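Biologist: I have a structure to go through with you. Keep the replies brisk, and give the cut-offs as you go.

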Amino acid sequence: MSTTNLPLRHQVIRIYKELLYLSRDYPQGYDWARSRLHKAFSSQAHLKDEEAIRNGIKRAEFVRKEIEALYYLKRYRALRQRYDPIK
């Protein structure tokens, strides 16, 4: 591996770990989410072009933000249901 791709490699590993951490609370279960995440990252392991790797990182960041938004929405709905008076 060339030294120019080393920072990209660290970014890919970081986003993979973040997505793996977020998948702990996934509705279908951790094992299901982990296998899907592993399959998604493994299918892109052949990429050598830096621009293609950066695009993959951007897509993974988008997915992370969407998952976080869904978790916040789920938590907001649960709190609202718990503390709002019934109308």
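Biologist: Leaving aside its neighbours within four places in sequence, which residues is E61 in contact with?

Modeller: This is a predicted model, where local features need pLDDT of at least 70, side-chain atom pairs count only at pLDDT 80 or more, and totals for chains, interfaces and linings use all residues. Residues are numbered from 1 along each chain as its sequence is written, and side-chain values use heavy atoms, with hydrogens and water left out. Contact means heavy atoms within 4.5 Å. E61 is found in helix α3, and its contacts beyond four places in sequence are R14 and I15.

Biologist: Is E61 buried or exposed?

Modeller: Buried means under 20% relative accessible area, exposed over 50%, and partly exposed in between, with a 1.4 Å probe and protein chains only. E61 has a relative accessible area of 16%, so it is buried.

Biologist: Which side chain does R64 join in a polar contact of 2.7 Å?

Modeller: R64 lies in helix α3, residues 50-83. A polar contact is a pair of N or O atoms within 3.5 Å; within protein, one must be able to donate a hydrogen and the other to accept it, and residues adjacent in sequence count only if both atoms are side-chain atoms. R64 counts as buried because its relative accessibility is 16%. At 2.7 Å, the partner of the R64 side chain is E61.

Biologist: Leaving aside its neighbours within four places in sequence, what is R64 in contact with?

Modeller: One of its contacts, E18, lies in helix α1, residues 6-22. E18 counts as partly exposed, because its relative accessibility is 26%. The full set for R64, neighbours within four places aside, is I15, E18, L19 and L22.

Biologist: How many helices and strands are there in the protein?

Modeller: Helices (H or I, at least four residues) and strands (E, at least two) are DSSP runs, numbered from the N terminus. The elements run α-α-α from the N terminus on. The count is three helices and zero strands.

Biologist: What is the radius of gyration of the protein?

Modeller: The radius is taken over C-alpha atoms, and the globule rule is 2.2 Å times the number of residues to the power 0.38. For 87 residues the rule gives 12 Å, and the protein is well over that, so it is more spread out than a compact globule. Along the principal axes, the C-alpha atoms fill a box of roughly 60 × 25 × 15 Å. The radius of gyration is 17 Å.
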